[in-house]
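Open the model in your viewer and keep the sequence panel beside it. This tour moves from one selection to the next.

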Amino acid sequence: MEAEDKPVLQFNLVNKIYGTTDKSAAGHKVLSDLSMTLYPGMVVGLLGQNGAGKSTLMRCALGIVDIDSGNINTLGESPESLSIEAKQRIGYVPQQPFGYEGFTIDKALELHRSFYSNWDIALEQDWLKRFDLDVTQAVQKLSVGQRQSLALIMAMAYRPSLLLLDEPVASLDPIARRQFMGDLFDLALDSGSAVLFSSHITSDLERVASHVALIKKGELVLFKEIDALREEVKLLSISDDTQLPSNYKILSQTGQTVLVDTQGNPEVIVGVQNEKSLNLEQLFMELHR
Ligand SMILES: Nc1ncnc2c1ncn2[C@@H]1O[C@H](COP(=O)(O)OP(=O)(O)OP(=O)(O)O)[C@@H](O)[C@H]1O
């Protein structure tokens, strides 16, 4: 990220409440004061339990869902009034793609391609080969994983500046998944795109993401560079009278066991009996105890 880079996507104290059919009942708060900024070249892995608000966050960024307060800046615009130019620079793969039933893959791609002036046909061909897709096959006869592969090609072959992928690899086999995740990172670096992808596969996320965003019940609990995670997030065993520094963020606490984000302020603390670094999966488990 260069200092002069403009944010590609910015959430500012965003709140989202889904209404209920019962007018007297309080709505269901799904995003809570959520702030986060994505710059070009960032590949942000979004992690959270089922129902944490990941899909909602992406839908809000696209203006598919309105927010209740705060603001969002998507490619310099407000999501509810995105220009055609901005839309042409966004790639989105929802959890359940998609359309193009009745088309063969090549006809579907031909139509889809016509919407994007900067479509990279070489990239498209390369990915068709990698995903082993037969372009004469009918879209409605594709397996779930094959459909997901096609949706990814359709969202990425025009090298969007912003790529939102909702569990993009959930249905891909391990080989396709590994290749795709590598490509994703290359694409972001080559094209200066910002990528926000949700996944429950923490090992994928650790391998390709530059940053991790961890959402718990609509709150952004952690947003950090992957490389800083092991250094800065620690599981501490403390004694009763341990005073943790005020610049530490307590992420969770169970009795004498505290999960902290040192926020780059490592200190020797009196009373800490044990200190442990965690991988992403361990961190996730610890946060949801
Ligand atoms: N259109 C809607 N109307 C009312 N509630 C909704 C709507 N869409 C989602 N929700 C609720 O909002 C919460 C967050 O849903 P969301 O789909 O954003 O979660 P998620 O983190 O993407 O989950 P998953 O990992 O299961 O895909 C859930 O409790 C869900 O039931």
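**Stop 1: the ligand shell**

Start with the ligand. By class, its shell holds 3 nonpolar, 8 polar and 1 charged residues. You are looking at a predicted model. Select the shell itself: Tyr18, His28, Val30, Gly48, Asn50, Gly51, Ala52, Gly53, Lys54, Ser55, Thr56 and Gln95. Now colour by secondary structure. Two elements, β2 (28-38) and α1 (54-62), each bring at least two residues to this shell. Which element gives the most? That is α1, with 3 residues.

**Stop 2: helix α1**

Stay on α1 and show its side chains. Is α1 enclosed or open to the outside? It is largely enclosed by the rest of the structure, because 7 of its 9 residues are buried. Buried here means that 20 or more other C-beta atoms lie within 10 Å of the residue's own. Select the buried ones: Lys54, Ser55, Thr56, Leu57, Met58, Cys60 and Ala61. Lys54, Ser55 and Thr56 also belong to the ligand shell. Then step past the end of the helix. Gly63 follows α1, and its phi is positive, near 80 degrees.

**Stop 3: the six-stranded sheet**

Next, select the strands of the mixed sheet. There are 6 of them, and the sheet is open, with the order β5-β6-β7-β3-β8-β9. Look at the two edges, β5 (90-93) and β9 (219-225). Each has a single partner strand, so one side of each is left without a neighbour in the sheet. Turn the view to follow the twist, which averages 15 degrees from one strand to the next.

Zoom in on the β5 edge. Here β5 pairs with β6 (residues 162-166) in the parallel sense, over 4 bridges. Pick Ile90 and look across: Leu162 in β6 stands opposite. Now bring α1 back into view. The helix packs on this sheet and touches β3 (43-47), β5, β6, β7 (194-198) and β8. The direction of α1 makes about 150 degrees with that of β6.

**Stop 4: between the domains**

Zoom out and colour by domain. The chain is divided into domain 1 (9-217) and domain 2 (228-287). Their C-alpha centres lie 33 Å apart. The contact takes 7 residues from domain 1 and 6 residues from domain 2. Where on domain 1 should you look? Select α7 (202-208) and β8 (211-216), the elements that give two or more residues to the side touching domain 2. By class, the residues of that side divide into 4 nonpolar, 1 polar and 2 charged.

**Stop 5: the four-stranded sheet**

Now select the other sheet. It is open, has 4 strands in the order β11-β12-β10-β13, and its pairing is antiparallel. The edge strands are β11 and β13, and each pairs on one side only. Neighbouring strands are turned by 25 degrees against each other on average, direction ignored.

Take β12 (257-261) and check its partners. One is β10 (residues 233-238), antiparallel over 5 bridges. In this pairing, Lys234 has Val260 as its bridge partner in β12. Another is β11 (residues 249-254), joined to β12 by 5 bridges and also antiparallel. Here Ile250 stands opposite Val260. Thus Val260 can be viewed with Lys234 and with Ile250. Further along, Gln253 stands opposite Val258.

Follow the chain from β11 into β12. The two form a hairpin with 2 residues between them. Pick Gly255 in that turn: its phi is positive, about 60 degrees. Then add α9 (residues 280-287). This helix lies across β10, β11 and β12, and runs at about 65 degrees to β11.

**Stop 6: Asn265**

Finish at a loop. Select Asn265, found between β12 and β13 (272-277). Is Asn265 buried or exposed? It is exposed, because only 11 other C-beta atoms lie within 10 Å, and the cut-off for exposed is 12 or fewer. Show its contacts: not counting residues up to four places away in sequence, Asn265 touches Pro245, Asn247 and Tyr248. Last, draw a distance from Asn265 to Ser117. Their C-alpha atoms are separated by 48 Å, with their positions 148 residues apart along the chain.

Terms used: Residues numbered from 1 in each chain as written. Predicted model: local features only at pLDDT ≥ 70, side-chain atom pairs only at ≥ 80, totals over all residues. Near = placed C-beta within 6 Å. Nonpolar A, V, L, I, M, F, W, Y, C, P; charged D, E, K, R; others polar. Contact = placed C-beta atoms within 7 Å. Domains from an automatic or database assignment. Pairing = 2+ DSSP bridges. Axes fitted to C-alpha atoms, helices over the stretch in contact; angles between N-to-C directions.
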